[in-house]
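This report describes the packing of nonpolar residues, one helix pair and some totals for a chain. The structure is shown first.

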Amino acid sequence: MHSLRLRLSNPVRFSFKFCKNCTRQLSQQAQGPLETENDWTDFQQTRTSLKTLMDAMSQYGSTQTSQWSLRDSLHRPTKDATLSALLASGAHFGHASSRMNPNFLPYAYGTRAGITLIDLDHTLPLLRRAAKVVRAVAANDGQIVFIGTRADIRPVVQKAAQRLGTQGFHVGDRWLPGTLTNKWQMFGHETVRSKRIVPDLVILLNPIQNMNAIQECALSNVPTIAIVDSNVDPRIVMYPIPANDESPRTAEIIAGVLSIAGREGIAIREAETQRMRMAVDSAWEDFNKMQVMQDTRQPQRSDAEAFDY
Amino acid sequence: MNVLRSQAFSVLRRPLCRRLATTRPFVPPAQLVFHDTLFAAGAKELDDNTVDALEAETNEREFEDDDFDANNSQDKAHPDSLNFYTGRSSYYDNIVELQNAISRTRGTLQRLHLLPLPEFAWKSLKPMPTVWKTPEEMTTDFETAMTISRYRKVTALLNELNEYLRIATTAGYADVAERIGSIISIFESGKKEAFLARGVRKPVQLDQYGRSYTFGKRKTSAARVWMIPVKPPSRQLGSDVNVEEAFGLSDKPRRPPVNVTVSTILINNLPIAEYFPQPVDRERIVRPLKIAGVLGKYNVFTIVRGGGTTGQSGAVAHGIAKGIFAHEPETGAILKRAKLLRRDPRMVERKKTGLAKARKRYTWVKR
């Protein structure tokens, strides 16, 4: 069989016979079961060769400039939320207008199709304000807890807490009532004495399902940030962020912005500590040098010794 | 005198107390915590006894006041676990570890082109049955009561890891398999071997003379069965007599001589016809030999005890079927399909109170 050879400018050359062999092997393999280890190795080889072929051929296709992946909003969130990103995630969809909380009116844009639309022009500055709070708390070695008790936002709070290192915590399943108000019984005397129990900031991604947590934070004087939807009174938390609480993409964007702000705060603290340490070290060095100089100087004769009585 | 003076002056030159950065800050007396124990003891300084008494008193007292300063001092450490505020940090930590292990293994297998696996490859994987720990055993591992939903969540993750282990072992990647195995072994039941060995029959060994020794049971009868292949006669039937030649028909093609053997069945040292006069019982005993197609191939010696005719003949048949399987494993499929290898579980049903027999009711009386 005559094999076609592509004459190309770059040194890599292909033959379509190679493609045919791959597909033939694949189709043959589709029938037979894999018995020995050699069968498995052949199976892997075929797949590897096909992948190599696809990778090599893909350079002759269109050039993909954007490397966007569907899971990027969870694993690689952006530092700042943009209006278009929030709109794309559906952050502006509220709940039914009949269920709208009257205290939510300042953040409502209007009604369409029976639902309240949330004004994202209010959302963005409030989100930035919340981010500032998170950054400041993290920079002062504060403990931040992310609460998101639905299955679709469980990985979101986990990732957000991981970004804050030792200062980040998350609750993905039910918040047990009494975590803060009944901490002696819940965690035991030893833990309460040795560890910091009351957090310095609590961020809720679904506040309606976690009213217990909000109540406990209020009783324990813990500042709270939450995504408030149109059926929620924004005054239940200190820093409300009006947005759709049912959309996982919105939760990813908001939790991403807040956790990245927290990470920045930790970095600021680390840089500050480093700077102070270096300043102290240099001060000690100077002090030691001075001591050495004093020690090596000739001892001064006191006036009392000058006169020999 | 000069020496004394110089010493005095040098003492005055040195600072009386060292001012270091680690000195404690000044605390106003109003904020100092005084204990009754200290005054009661009348101690001017803290000695060991007073300190112990103070500690005991502090430990006993319940600090219920949330405004108590030591509750949230900045000197205290952060909690260790990311899942601290769930109240079940050990459980969630383990779940997260398992999920991480699964995603890492999935990535490795994808890079090795072993995932996603097509249907025919799934069927080719080595079976690796595992037995996980019971919920009670897992309670100690996870430090939380293992409810059914939590147990199911954990076992779902473990089953997925086990699938990856199967793929890695079958494809021959021992290091990957070892790493997965080390995680899985933590959650495997200690009684795994015993559990998997349940219902698995030990293969019957033939002794030095080629005899099989098997056991059969039915109702309350038990039979011990020895089977040995019949030695074919050295002289074949019809080999010395040439009938065709005698009649002058030697040009016809001769059929090959059939090697026919006859088996003897002895039950309690009596021939089968004597021990079981009823043909039903004899049929039952011979049925496994007929179905396997080895009717004249084996001599059978049986000792049977207990029960009556049906039970004893059924027990002998069960023993014979197992013996045939021991001599010729290829017959296993057909004997299984005929349900001859199965110990018949039907036993005499007990009599119940209020009934005449197991099922028979007394005559119904209207009044």
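## Nonpolar cores

In this predicted model, the largest nonpolar core has 36 residues, and those with the most contacts inside it are A:Ile144, A:Phe146, A:Leu201, A:Ile203, A:Leu205, A:Ile225 and A:Leu258. At least two residues of this core come from each of the following elements of chain A: helix 5 (120–139), strand 4 (144–147), helix 6 (154–163), strand 6 (201–204), strand 7 (224–228), strand 8 (239–242) and helix 10 (248–296). Helix 5 of chain A gives the most, with nine residues.

Once neighbours within four places in sequence are left aside, A:Ile203 is in contact with A:Val134, A:Ile144, A:Val145, A:Phe146, A:Ile147, A:Ile225 and A:Leu258. Another core, of 34 residues, lies apart from the one described above and includes B:Leu161, B:Ala168, B:Ile180 and B:Ile184.

## Helix 6 against helix 10

The axes of helix 6 and helix 10 of chain A come within 8 Å and cross at roughly 10 degrees; because angles under 35 degrees count as roughly parallel, helix 6 of chain A is roughly parallel to helix 10 of chain A.

On the side of helix 6 of chain A, the contact is made by A:Val156, A:Ala160 and A:Arg163, while helix 10 of chain A contributes A:Ala251, A:Glu252, A:Ala255, A:Gly256, A:Ser259, A:Ile260 and A:Arg263. The residues of this contact divide into five nonpolar, two polar and three charged.

## Chain A as a whole

Chain A has 11 helices and eight strands, and of its 309 residues 41% count as buried. The accessible surface of chain A comes to about 18200 Å², of which 54% belongs to carbon and sulfur atoms.

Note on methods. Residues numbered from 1 in each chain as written. Chains lettered and ligands numbered in written order. Predicted model: local features only at pLDDT ≥ 70, side-chain atom pairs only at ≥ 80, totals over all residues. Heavy atoms only, no water. Core = buried A, V, L, I, M, F, W, Y, C linked by side-chain atoms within 4.5 Å. Buried < 20%, exposed > 50% of the residue type's maximum accessible area, 1.4 Å probe, protein only. Helix = DSSP H or I, 4+ residues; strand = E, 2+ residues; numbered from the N terminus. Contact = heavy atoms within 4.5 Å. Axes fitted to C-alpha atoms, helices over the stretch in contact; angles between N-to-C directions. Parallel < 35°, antiparallel > 145°, perpendicular 65-115°, else oblique. Nonpolar A, V, L, I, M, F, W, Y, C, P; charged D, E, K, R; others polar. Areas by Shrake-Rupley, 256 points an atom, 1.4 Å probe, with all protein chains shown as cover.
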